[in-house]
Amino acid sequence: MKSWKIQPESSDRAGLVSNSRAGFLNGCLRFGRARWPQACQLCGGESSDGALCAPCVADLPWLPRSRCTVCAVPIGSGAVCGACLDRPPRFDRVEAPFAYRFPVDALIQALKYGGRLALARTLGEALAQAIPRDADAIVPMPLARGRLAERGFNQALEIARMVAARTGIPLLPLACRKVVDTPPQAALPWKERAKNVRRAFECDADLTGQRIAVVDDVLTTGATLNELARVLRRAGAAEVAGWVVARTLPR
């Protein structure tokens, strides 16, 4: 049985330095990664790029092909689940490679709450390989100013940077903002989450006729994505898709 553990972050796996004067350091990091074996982020085994080794990738909780074409929840038959038929959301569809189960949940939590920014590359690359690349622009799920100050980064933006780099789709990091510092959705009952994020977002960008992809780490009830999609459509977006790393499965 595979032994799973999140590997401690080291300087050679912390990601490329991003400022404009770091070309030499970035080159050294690329050379080091190519010259010496890297450790898998989960099991510690050898990985060619310092992300996940092939056996760990194969063991990830991939979502089944049979799933709702709107919200991505697994379904036994049909194209759209009953919930989306009864109350169609404001977004058009959700793309997600994984179910929010171990060890993907542990990777996301290590990024989100543990500050393991190198994992944004691992998760972003996995997401980039699973999406249809049919968007005109990418919008990261905004984080409220207070939460951003507390955490120091927006995990959705870090993942979105990687997706934009891999797909070539323009990233609009400042198109939307969260203007209400709401309680965390994870701390609320599912039925209260839509009310919690109501009127929490604003968008000043002109998105007329554009197909927008909202990048986030996890989709649970879809309430946050639904509210942001409402705002994006008011800004002129023709289509809104959710590109998320993992989909929480219904209880």
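**Why these labels? Helix α5, strand β9 and their neighbours**

Me: What makes helix α5 mostly covered?
Reply: In this predicted model, 11 of the 11 residues of α5 are buried. Buried means under 20% relative accessible area. The list runs over Ala118, Leu119, Ala120, Arg121, Thr122, Leu123, Gly124, Glu125, Ala126, Leu127 and Ala128. Arg121 and Glu125 are among them.

Me: Why are α5 and α7 called oblique to each other?
Reply: Start with the angle. Helix α5 (residues 118–128) and helix α7 (residues 155–167) pack at about 50°. Angles under 35 degrees count as roughly parallel, and 65 to 115 as roughly perpendicular. The value of about 50° fits neither class. Therefore α5 and α7 are oblique. Their axes lie 8 Å apart.

Me: Which hand does the crossing of α5 and α7 have?
Reply: α5 passes α7 in a right-handed crossing. On the α5 side, the contact is made by Ala120, Arg121, Leu123, Gly124, Glu125, Leu127 and Ala128. On the α7 side, Glu158, Ile159, Met162, Val163, Arg166 and Thr167 take part.

Me: How do you know which classes of residue make up the contact of α5 with α7?
Reply: Each residue is sorted by class. The contact has seven nonpolar, two polar and four charged residues. Gly counts as polar and Arg as charged. So Gly124 of α5 goes with the polar residues, and Arg121 of α5 with the charged ones.

Me: Why are α4 and α5 oblique, too?
Reply: Helix α4 (residues 104–112) and α5 pack at about 140°, with their axes 9 Å apart. Roughly antiparallel needs an angle over 145 degrees, and roughly perpendicular runs from 65 to 115. About 140° meets neither limit. Therefore α4 and α5 are oblique to each other. The crossing of α4 and α5 is left-handed.

Me: What classes of residue does the contact of α4 with α5 have?
Reply: Leu107, Ile108, Ala110 and Leu111 in α4 meet Leu119, Ala120 and Leu123 in α5. By class, that gives seven nonpolar, no polar and no charged residues. Ala, Leu and Ile count as nonpolar.

Me: Why is strand β9 described as largely enclosed by the rest of the structure?
Reply: Count the buried residues. Strand β9 spans residues 239–247, and eight of its nine residues are buried, so β9 is largely enclosed.

Me: How do you know that β8 and β9 pair?
Reply: Pairing takes at least two bridges. Strand β8 (residues 211–219) and β9 are joined by eight, and they run parallel. One of the partners is easy to find: Leu219 is bridged to Arg247 in β9.

Me: Which bridges join strand β4 to β9?
Reply: Two bridges join strand β4 (residues 98–99) to β9. Pairing needs at least two, so the pair β4 and β9 qualifies. The strands run parallel. Phe98 has Ala246 of β9 as its bridge partner.

Me: What makes β3 a partner of β9?
Reply: Strand β3 (residues 93–95) and β9 share three bridges, in the parallel sense. The threshold is at least two. Val94 stands opposite Gly242 in β9.

Me: Why are both faces of strand β5 called covered?
Reply: In a regular strand the side chains alternate between the two faces of the sheet. Strand β5 covers residues 137–140. Ala137 and Val139 are on one side, Ile138 and Pro140 on the other, and all are buried. β5 and β8 also pair in the parallel sense, over four bridges. In β8, Val214 is the bridge partner of Val139.

Me: Why does Gly45 count as partly exposed?
Reply: Its relative accessibility is 24%. Buried means under 20%, and exposed means over 50%. Gly45 falls in between, so it counts as partly exposed. Gly45 is in the loop between β1 (38–39) and β2 (46–47). Beyond residues up to four places away in sequence, Gly45 touches Gln38, Ala39 and Cys40.

Me: Why is Pro88 called exposed?
Reply: The cut-off is over 50%. Pro88 has a relative accessible area of 60%, so it is exposed. Pro88 lies in the loop between α3 (82–86) and β3. The C-alpha atoms of Pro88 and Asn226 are separated by 10.0 Å, with their positions 138 residues apart along the chain.

Me: What does the secondary structure of the protein chain come to?
Reply: It comes to nine helices and nine strands. Of the 251 residues, 49% count as buried.

Technical notes: Residues are numbered from 1 along each chain as its sequence is written. This is a predicted model: local features need pLDDT of at least 70, side-chain atom pairs count only at pLDDT 80 or more; totals for chains, interfaces and linings use all residues. Side-chain values use heavy atoms; hydrogens and water are left out. Axes are lines fitted to C-alpha atoms, for helices over the stretch in contact, and angles run from 0 to 180 degrees between N-to-C directions. A crossing is left-handed if the near helix is turned anticlockwise from the far one by less than a right angle, and right-handed if clockwise. Contact means heavy atoms within 4.5 Å. Buried means under 20% relative accessible area, exposed over 50%, partly exposed in between (1.4 Å probe, protein chains only).
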